[in-house]
Amino acid sequence: MDFSRYLVSDLLARPGSHRDEDVAVPVRLSSDSVTVDGVATGRLRIEAAGAVIVVRGSVAVPATITCSRCLVEFEGELVTDLTATYGDPDDPDARPISGDGRIDLAEAVHEELAMVMPAAPVCREDCRGLCAVCGSDLNVDPCDGHEEPSSSPFAALEDLFPTE
């Protein structure tokens, strides 16, 4: 059964009519830091504007996210607003209405969720990340055993000359 296809022929027969639909669209996405393999759900308004169908609303899907600072994996959610047009021959971005009077929301939902995938997600705003010297998680272990690096541009030369 295809959960992403919705019958709109009844709306096309009555321009100006609309209905609200609870939608559930299977989605699979992944990047270096975000993995989505679930069902995007939301409430969408499907509206007939003449021979064109306009879909508006928002969808959300659970995601497994890896923090870009501390590399801890956590569960989150991708949420996006969706606006899609179907059947408009004058709009190059419009999607087709099938011959049986259905629209397929899968591609529109997939594209919009892909656009909101964070490039550098963080587990929380005050995440301290990893220690640059030993790699420990600074949120868990303060890692106080390292000396502060010198801010001098000549600090690297210090190791070349023995101290007397």
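This is a guided tour of a predicted model, with a selection to make at each stop.

**Stop 1: the sheet**

Begin by colouring the strands β2, β3, β4 and β5. Together these four strands make an open sheet, and their order across it is β2-β3-β4-β5. The pairing throughout this sheet is antiparallel. Now look at the edges, where you will find β2 (18-30) and β5 (73-86). Each of these two has a single partner strand, so one side of each is left without a neighbour in the sheet. If you turn the view to compare strand directions, neighbouring strands of this sheet are turned by 15° against each other on average, direction ignored.

**Stop 2: from β2 to β3**

Select β2 and β3 next. How many bridges pair these two strands? There are 13 bridges, in the antiparallel sense. The two strands form a hairpin, and three residues sit between them. For a pair to show on screen, pick L29 and V36: V36, in β3, is the bridge partner of L29.

**Stop 3: from β3 to β4**

Move one strand across the sheet. Strand β3 covers residues 34-49 and strand β4 covers residues 52-66. They run antiparallel and are joined by 11 bridges. Two pairs are handy to display here. T35 has T64 in β4 as its bridge partner, and A49 is matched with V52 in β4.

Then zoom in on the turn. The hairpin of β3 and β4 has two residues between the strands, and G50 takes a positive phi near 75° there.

**Stop 4: from β4 to β5**

Keep β4 and add β5. These strands also run antiparallel, with 14 bridges joining them. Show A63 and G76 together: G76 lies in β5, and A63 stands opposite this glycine.

The hairpin of β4 and β5 has six residues between the strands. Which residue takes a positive phi in this hairpin? Select L71, with a phi near 65°. As background, most residues other than glycine have a negative phi. L71 has its positive value although it is not a glycine. You will find L71 in the loop between β4 and β5. Is L71 buried or exposed? Its relative accessible area is 55%, over the 50% cut-off, so L71 counts as exposed.

**Stop 5: two cysteines**

Now show the side chains of C67 and C70. A disulfide is a covalent bond between the sulfur atoms of two cysteines. How many disulfides does a search of the whole structure find? The search finds zero. C67 is in no disulfide, and the nearest cysteine sulfur to its own is that of C70, 3.7 Å away. Why is there no bond between C70 and C67? The distance of 3.7 Å between the sulfurs is too far for a bond, because a disulfide needs the sulfur atoms within 2.5 Å.

Switch on a surface to see how covered these cysteines are. C67 has 0% relative accessibility and counts as buried. C70 is buried as well, at 6%.

**Stop 6: salt bridges**

Next, show the charged side chains. The count of salt bridges comes to 10. Start with R19, whose side chain meets that of D10 in a salt bridge with an N to O distance of 2.9 Å. R19 also meets E21 in a salt bridge, at 2.7 Å, N to O. D10 is partly exposed, with a relative accessible area of 32%.

For another group, select R5, D100 and R102, which are linked in a network of salt bridges. Within this group, the side chains of D100 and R102 meet at 3.4 Å, N to O. D100 is partly exposed at 43% relative accessibility, and R102 is partly exposed at 30%.

**Stop 7: a nonpolar patch**

Finish by selecting F154, L157, L160 and F161 with the surface switched on. These residues form a nonpolar patch on the surface, with about 480 Å² of accessible area together. Centre on F154 to end the tour: this phenylalanine lies in the segment after α2 (106-115). At 59% relative accessibility, F154 counts as exposed.

Key: Residues numbered from 1 in each chain as written. Predicted model: local features only at pLDDT ≥ 70, side-chain atom pairs only at ≥ 80, totals over all residues. Heavy atoms only, no water. Pairing = 2+ DSSP bridges. Axes fitted to C-alpha atoms, helices over the stretch in contact; angles between N-to-C directions. Buried < 20%, exposed > 50% of the residue type's maximum accessible area, 1.4 Å probe, protein only. Patch = residues over 30% accessible without salt bridge, like charges linked within 9 Å, V, L, I, M, F, W, Y side chains within 5 Å. Areas by Shrake-Rupley, 256 points an atom, 1.4 Å probe, with all protein chains shown as cover. Salt bridge = Lys/Arg side-chain N within 4 Å of Asp/Glu carboxyl O.
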